[in-house]
Amino acid sequence: MGMSEFYGSHDDAQSIATIHRALDLGCNFLDTADMYGPFKNEELVGRAIRGRRDKVVLATKFGNMRGDDGAFLGISGKPDYVRQACDASLKRLGVDHIDLYYQHRVDRTTPIEETVGAMADLVRAGKVRHLGLSEAAPQTIRRAHTVHPITALQTEYSLWSRDPEEEILPTVRELGIGFVAYSPIGRGFLSGRFKTIDDLEPSDYRRLSPRFQGENFDRNLDLVRRIEDIARSKGVTPAQLAIAWVLSRGNDVVPIPGSKSIGHLEENIAAAEIELTSEEVARIDEVAPKGVAAGDRYPSMAAVDA
């Protein structure tokens, strides 16, 4: 996402070089969406994987509608839109199938059974291999899973976003659904790179995030300092500790940190080699319990299924 929008400036050449480095290091799971850019990120990923398609597990998403001018036009899970969105994504990516196709956000005006039914048609047509949902509530997941097996659920999960532990993770584990954790470094905040709001570019979307504003920023910075202390004693970076913690949640939990540069990519991938002891996990749990973050995850949580 950050390679095309939301997180300040971007450089396509650097982004493609970063994706190539990821593939060379054995990272084979790439996550994009039609809305990023909008539309430009799928084209970028398509260029990056040209000639390497067989080495990639490719995931993209539909549902957040945007205009060519970037305007947000609402959420749709209508069957006709699902089919149109998939064909458009295939064309932008330059591929003949998508490995994992997510509904990016739940459309509360369209029964989930109708949406997943249309997605299942894409599987039968050979355009999609597996189906996913993002930010869906437990009952929505269950209803969807009765129409066609759901392979993965993608939801925000990190040291400062532990809500999925209450109902979401137990639900997907009961159903045999994998869990993809986005923003495992708390949109970069848990890396310790941001000391004031002015460390973000003027165009950075995170300036609108409640957790990056005012008193919330200061309170969350206190959390980061405690995480930094644990990371320092472990001999790792705070970002690596945050990713290692997500990885420690189980083999069915896959974090997808958004790395815009080769340096951050290599730092993040190295987290896969970090083993946390039970004592270290207990110490982390003590400083970062559920609900520790100050502020909501989004300016408006209305688009998150509940």
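**Note on a predicted model: a hairpin, a covered helix and a buried threonine**

1. Strand E3, covering residues 64–66, pairs with strand E4, covering residues 72–75, in the antiparallel sense, and three bridges join the two. These strands, like everything else in this note, belong to a predicted model. Arg66 has Phe72 of E4 as its bridge partner, and in the hairpin that E3 and E4 make, with five residues between the strands, Gly70 adopts a positive phi near 95 degrees.

2. Helix H2, which spans residues 40–49, is mostly covered, since seven of its 10 residues are buried. The buried residues are Asn41, Glu42, Leu44, Val45, Gly46, Ala48 and Ile49. Their cover includes two helices, H1 (12–24) and H3 (79–93), as well as two strands, E1 (29–31) and E2 (57–62). After H2 comes Gly51, which has a positive phi near 85 degrees.

3. Thr18 is a residue of helix H1, and H1 is also among the elements that cover the buried part of H2. Is Thr18 buried or exposed? Thr18 has a relative accessible area of 2%, and because buried means under 20%, it counts as buried.

4. Apart from neighbours within four places in sequence, Thr18 is in contact with Met3, Ser259, Lys260, Ser261, Ile262 and Leu265. A polar atom of the Thr18 side chain also lies 2.8 Å from the backbone oxygen of Gln14. Val254, by comparison, is separated from Thr18 by 236 residues in sequence and by 19 Å in space, taken from C-alpha to C-alpha.

Terms used
Residues are numbered from 1 along each chain as its sequence is written. This is a predicted model: local features need pLDDT of at least 70, side-chain atom pairs count only at pLDDT 80 or more; totals for chains, interfaces and linings use all residues. Side-chain values use heavy atoms; hydrogens and water are left out. Buried means under 20% relative accessible area, exposed over 50%, partly exposed in between (1.4 Å probe, protein chains only). Helices (H or I, at least four residues) and strands (E, at least two) are DSSP runs, numbered from the N terminus. Contact means heavy atoms within 4.5 Å. A polar contact is a pair of N or O atoms within 3.5 Å; within protein, one must be able to donate a hydrogen and the other to accept it, and residues adjacent in sequence count only if both atoms are side-chain atoms. Two strands pair if DSSP finds at least two bridges between them.
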